Amino acid sequence: GLMSIARSMAGGGNRESLVSPILNRRRAEARLREATVAHEASMAQMRSAVVGLDRRMHKQQCWMQQSDKQILAAEIEKVRVRVRLDKAEQRAKGLSKDLSSAYDNVVSLLEDRLRLQGTKARNEALVAYLNVIGKSNQNNEAAFFTNKSELCTLLKLAGEKEVLECRFEAMSEESTQLERFVDEIMTKCEDVLQLNVGFQGDWVKVPAVLKESKFSGMARTKSSDDSMHPVAAVQQIGEAISTTLEEFRRLSEGLAKVLAKDAPTSDAHLLATEIQADYMSRVAQTLAVQTPGCSFIAGSMKLEEPTECWQSGYADLEQHRQVRPDTIFRIFSMTKPIVSASILPLIARGKASLSDPICKWLPWFEPSKLRVWAGGGRGRGKEECEASKKPITLLDVMRHTSGTFYPANPANGTPGVQDPFLIDSFLKNGVRQAQSPEELSRRLAQVPLAHEPGRQFTYSPATALIPVIVEKITGMPYEEYLDEVLLRPLGMRNTGFFLKDNEQRGRLANLYERSEPRRGLSYDFQEAERKIFTYERGSALNGDGGMFSTIQDYQRFVRWMLSLEDNRIVPKDLKQSFCQTDHLARQGLAMPEDFLGFASGFGLGTYVTPQGLCGWSGLANTHFVCDQRTGRYAIAMAQCFPFSWRWQELMTVRLRRWEGKVGGPDRTKNLKKPSELSAPE
């Protein structure tokens, strides 16, 4: 290399050729360093990827462990369900033995009765013969003593007759005990068939044969019916028992199929929905028997179409106009939920609050202007009143704690205030003669309150104040406002306060009164003398009971109440507060149990039970009930007085009984304050 350099220098070579190898070397070293850095970066990325892969593998292992736990829990739950099903089958076998024992007892009873009837007939013939002998021998003592042996025989038979009569009385007692035993068997059967097996809260229906067969009253009926031969009666009882057991076996198999591993959830929900709809349909059919006509619909929020829908009877008896799906009914107090719901959009927008005193819009309800009935307490007279210490709030109006009241009226079927002074004050102020909602509110303010606002639940016409409050806030006529915010968005075209045309008038059902049936005859119906509302424009708009609707329209309103995803009109939390929250329980209040026939609280327009049920009724026997927990509902509409809350009790008894065993959700937890609900979302 030195020789080469020397030759270059000697030959006058270029200096750059001398420096070039050094530069190339430095460049190679730089590239090597860059490659080393890149390699280290690549190794870092690989290490990071390996760490990420390890984490994902760890998470996957955690998920697999959690999945294994879930599978194990599902298997455990399946075993529990199977155990419960086995217990149900064991109880069914026990029931079968009890029914067989009852069958044997009935057979024995009827055989004894048959023997007794034969012995009775023979004894009666012998006694008649004894009387003939006695009369023929009154004047012939010798002949009489000749027949002494026969007389002794007859006397002996008379003694046997007394013994048999005692036996007959004992058999009557046994018959009564057997009736009770049969009733207990029926109850057992119902309990077994209603067993909740822990599958999504669904239950099994009691087969219709238990309600429709003659078995439940067989002992009672056959003990007094001499026209049926005892053998035929026994055969009929046996057929009823066999049919009952066969129905139970079929339902058990259906339940086992639903509980199978591959059974889809929708099938189970559909089965439970059909079961509930079937039971409520039978309640409505009972209502239909006691009214000229009835319409019924039941369904679930998980299904688009109703599971049960039928119409029965006549909307007008004289015209022979049958009840149809579009028949218009007077819904009376089922107006209250609709009117109460109409103010919710104003609460959602912050235009009103549940804690606002209503004197903010209606100054004639200032506390200083209100009178509260003293009730004759603390040495006061029964007609003395005192100034109100608290204002009436919008919450008091909507949950019926304002202190206003309905006078007691036995024909209404609803508990009311019974004090003569308060009733007289209500009538003298002509509350029901008001020609406008505002005039009604002014007249109602002149009536003494039954108690201080917020103190207790008292069913009242206070809902009629909501249209006046809405008009004051919006400046719109209430009918126009209601149509804009609620009826039109929900498609309730056949609901309102005033009939639109003759076509609607032709679909309005007539109103009837029912008289109690005479023995052996059906119910008798007469057209009601007082229809209460005319539904013609020009009459007063009544916000606590003056609306009409069809069962299809009211179904749309009920489905809107149950749908928490539909936030078109009001937000979700306010809708829950309307029909799911018990606003009475917050202050330790409740509806009287003798009101509905079962324990309940009140939301903002419907009753609310601890089991998550809500609903309400109308004066002409229109009823609806919703199950908030499962999204199921049922509506029955008739047009007949007298009214009874008994139908609400019957429609909800199965749901309340089931929840009473399992335990329903506590609706009073996390209850929002009225001030919190007033702010817009």
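## Working around strand β12

G615 sits opposite V625 of strand β13. Keep in mind that this is a predicted model.

**Exercise 1.** Work out how β12 and β13 pair, and find the residue with a positive phi in their hairpin.

*Solution.* Start with the pairing: β13 covers residues 622–627, and six bridges link it to β12 in the antiparallel sense. Now look at the hairpin, where three residues lie between the two strands. There you'll find N621, with a positive phi near 70 degrees.

**Exercise 2.** Now do the job for β11: which residue of β12 is the bridge partner of Y607?

*Solution.* First, β11 (residues 607–608) runs antiparallel to β12, and two bridges join them. Next, follow Y607 across to β12: its bridge partner there is G615. Finally, check the turn: this hairpin has four residues between its strands, and G612 has a positive phi of about 90 degrees.

**Exercise 3.** Decide whether the two faces of β12 are buried or exposed.

*Solution.* Take one face: L613, G615 and S617 point that way. C614, W616 and G618 point the other way. Buried means under 20% relative accessible area, and the residues on both faces are all buried. With six of six residues buried, β12 is therefore largely enclosed by the rest of the structure.

**Exercise 4.** Check the length of helix α17 (residues 551–562), then its surroundings.

*Solution.* Allow 1.5 Å a residue: the 12 residues should span 16 Å. The end C-alpha atoms are 16 Å apart, so that agrees. As for surroundings, 10 of the 12 residues are buried, so α17 is largely enclosed by the rest of the structure. Among the buried ones are Y554, F557 and W560.

Conventions:
Residues are numbered from 1 along each chain as its sequence is written. This is a predicted model: local features need pLDDT of at least 70, side-chain atom pairs count only at pLDDT 80 or more; totals for chains, interfaces and linings use all residues. Side-chain values use heavy atoms; hydrogens and water are left out. Buried means under 20% relative accessible area, exposed over 50%, partly exposed in between (1.4 Å probe, protein chains only). Two strands pair if DSSP finds at least two bridges between them. The expected span of a helix is 1.5 Å times one less than its number of residues.
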